[in-house]
Amino acid sequence: MKIYRALAQENPKVYLSDVATSLNNLGAFHAQDSSKRTQAEGEYEEALKLYRALDQENPKVYGRDCANTLVMGVDLFGASKENLNEALRLLEPYDDGYMNVGRLREIIGVLK
């Protein structure tokens, strides 16, 4: 994380997505350990904030990642189910076969 954060400070257009991905993965990993729940939620929230910003700049590239993070928040952290509607909206431009979008839509259906 330290390296990605430093790289993102120098060149955010290239490395900010790596920071978001790493935070998302750390949040999911730390969510499995109840003693790291607060840390996991912080990582998730920061990842979501970054993905939302990235999606605003380039929705075709980051919409799916943002949607995935929104779904993760509902599933792992009890985030509002309104996030699932936002995730579905972000997934609209994608075919089901693109990067497991179909599976993500199924998960949304189950969580709703």
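This short presentation covers one pocket, three buried residues of the helices and one aromatic pair.

Good morning, colleagues. Please keep in mind that the structure before you is a predicted model.

I begin with the largest pocket, whose volume is about 170 Å³. Its lining consists of N24, N25, A28, N68, V71, M72, D75, L76, L104 and I107. Helices α2, α4 and α6, the last spanning 101–111, each supply at least two of the lining residues. The greatest contribution comes from α4, with five residues. By character, the lining of this pocket divides into six nonpolar residues, three polar and one charged.

Let me take one residue of that lining, N24. N24 belongs to helix α2, which runs over residues 12–30. Is N24 buried or exposed? Its relative accessible area is 7%, under the 20% cut-off, so N24 counts as buried. Beyond residues up to four places away in sequence, N24 touches A47, Y51, N68, T69 and M72. Among these contacts, N68 and M72 also line the largest pocket.

I turn now to helix α4, residues 59–77, and to two positions in it. G63 is found in this helix and is buried, with a relative accessible area of 0%. Which residues does G63 contact, leaving aside its neighbours within four places in sequence? They are D55, L90 and Y94. For L90, the separation from G63 is 27 residues in sequence, while the C-alpha to C-alpha distance is 5.2 Å.

R64, also in α4, has a relative accessible area of 14% and is likewise buried. Apart from neighbours within four places in sequence, the contacts of R64 are L91, Y94, Y98, M99, V101 and L104. L104 in that list is also one of the residues lining the largest pocket. Y94, for its part, is in contact with G63 and with R64.

That brings me to the aromatic residues. How many aromatic pairs does a search of the whole structure find? The search finds two. In one of them, Y94 and Y98 have ring centres 5.1 Å apart and planes at 10°, so this pair is stacked. The two tyrosines are classed as follows: Y94 is buried, at 10% relative accessibility, whereas Y98 is partly exposed, at 37%. Both Y94 and Y98 are contacts of R64.

In closing, I would draw your attention again to α4, which contains the buried residues G63 and R64 and gives the most to the lining of the largest pocket. Thank you.

Conventions: Residues numbered from 1 in each chain as written. Predicted model: local features only at pLDDT ≥ 70, side-chain atom pairs only at ≥ 80, totals over all residues. Heavy atoms only, no water. Helix = DSSP H or I, 4+ residues; strand = E, 2+ residues; numbered from the N terminus. Buried < 20%, exposed > 50% of the residue type's maximum accessible area, 1.4 Å probe, protein only. Contact = heavy atoms within 4.5 Å. 1 Å grid on protein atoms, 1.4 Å probe; cavity = no way out; pocket = protein on both sides within 12 Å on 5 of 7 lines; lining within 4 Å. Points joined across faces, edges and corners; volume = space filled by probe spheres on them. Nonpolar A, V, L, I, M, F, W, Y, C, P; charged D, E, K, R; others polar. Phe/Tyr/Trp six-rings, centres within 6.5 Å; stacked < 30°, edge-to-face > 60°.
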